[in-house]
Amino acid sequence: MLVIAVVNLKGGSTKTTTAGHLAAAFHEAGMKVLGVDADGENESLQSWQEAADLPWPVITLAVSNVHKQLPGIVGDKYDVVVIDTPPMKAQRGTVYSVLRIATHVVIPMAPTPVEYDRLAAVRELIDEVAGDREDGQPPIHAVLLTRVKPRAASTTVYRQLVTNDGVTVLKAQVGALERFAQSWGDPMTGVLDTSYGEAAMELLDLEAAVKA
Ligand SMILES: Nc1ncnc2c1ncn2[C@@H]1O[C@H](COP(=O)(O)OP(=O)(O)OP(=O)(O)O)[C@@H](O)[C@H]1O
Ligand SMILES: [Mg+2]
């Protein structure tokens, strides 16, 4: 079972949008998906589920011991669990707990100096959590560039900077698009054909690469 955590330091970094679309893409690909809302605030994954009647379940687990509670809840019923998290800065304990059991961490990041600057704190937490994981290793993690502007040099610049830091950047990148900006509460269809669909498939490949 894959456990994909969408994590960033601050609010408004497209975590919920990313978690929702990745879950929808896995569902469209025929996988059994569970969404986990570890945030529960405002326009959360849980309230998105309720507003749009999404065809996959979402549970709220906004607690600091997700790593203890989740295994008993999911059992072996799902192929992939996608966890939307609160901003790490505000809810470090919850995010740390999620990172203890995540197989993959997706860090959505706009190609801007402010968002790049926040990456260091997320990487520190990912390294720190290794000692509290069963495998003693940090979870597989990758940056997903989001809100990229067409033909902007910033995309290439920040892709290179993050890569030079030794962090995987998914090839898929999510444009600054109305489709995604307006998507909360939307049932989301045809996601596999979008950049989020590409990102979801890349994540499956990362898993295969690690297992090989
Ligand atoms: N690809 C995109 N292009 C343009 N706007 C986007 C895109 N994805 C998300 N947004 C917008 O960015 C804002 C933040 O998105 P979202 O709620 O997913 O972030 P978040 O990290 O979950 O925030 P919070 O920590 O407050 O829960 C929203 O207004 C959303 O509509
Ligand atoms: Mg959110």
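This briefing covers one helix pair and two pockets. The model is predicted. Helices α3 and α4 pack with their axes 8 Å apart. The largest pocket has a volume of about 550 Å³, and the second largest about 300 Å³.

**Helix pair α3 and α4**
- Helix α3 spans residues 66-74, and helix α4 spans residues 92-101.
- Their packing angle is about 50°.
- The two helices are therefore oblique to each other.
- On the α3 side, the contact uses Val66, His67 and Leu70.
- On the α4 side, Ser97, Val98, Arg100 and Ile101 take part.
- By class, this contact has four nonpolar, two polar and one charged residues.

**Largest pocket**
- Its volume is about 550 Å³.
- The lining has 32 residues, and Gly12, Thr14, Lys15, Thr16 and Glu43 are the closest to the pocket centre.
- Helices α1 (15-28) and α7 (178-181) each supply at least two lining residues.
- The largest share comes from α1, with three residues.
- The lining has 13 nonpolar, 14 polar and five charged residues.

**Second largest pocket**
- This pocket has a volume of about 300 Å³.
- It is lined by 13 residues.
- His67, Pro71, Arg100, Ile101 and Glu134 lie nearest its centre.
- Helices α3 and α4 each supply at least two residues of this lining.
- Helix α3 gives the most, with four residues.
- By class, the lining has six nonpolar, two polar and five charged residues.
- His67, Arg100 and Ile101 are among the residues nearest this pocket's centre, and they also take part in the contact of α3 with α4.

Key. Residues are numbered from 1 along each chain as its sequence is written. Chains are lettered from A and ligands numbered from 1 in the order in which they are written. This is a predicted model: local features need pLDDT of at least 70, side-chain atom pairs count only at pLDDT 80 or more; totals for chains, interfaces and linings use all residues. Side-chain values use heavy atoms; hydrogens and water are left out. Axes are lines fitted to C-alpha atoms, for helices over the stretch in contact, and angles run from 0 to 180 degrees between N-to-C directions. Angles under 35 degrees count as roughly parallel, over 145 as roughly antiparallel, 65 to 115 as roughly perpendicular and the rest as oblique. Contact means heavy atoms within 4.5 Å. Ala, Val, Leu, Ile, Met, Phe, Trp, Tyr, Cys and Pro count as nonpolar, Asp, Glu, Lys and Arg as charged, and the others, Gly among them, as polar. On a 1 Å grid over the protein atoms alone, a cavity is a set of points where a 1.4 Å probe fits but cannot get out, and a pocket is an open set with protein on both sides within 12 Å along at least five of seven lines; lining residues have an atom within 4 Å of a point. Grid points are joined across faces, edges and corners, and a volume is the space filled by probe spheres set on the points.
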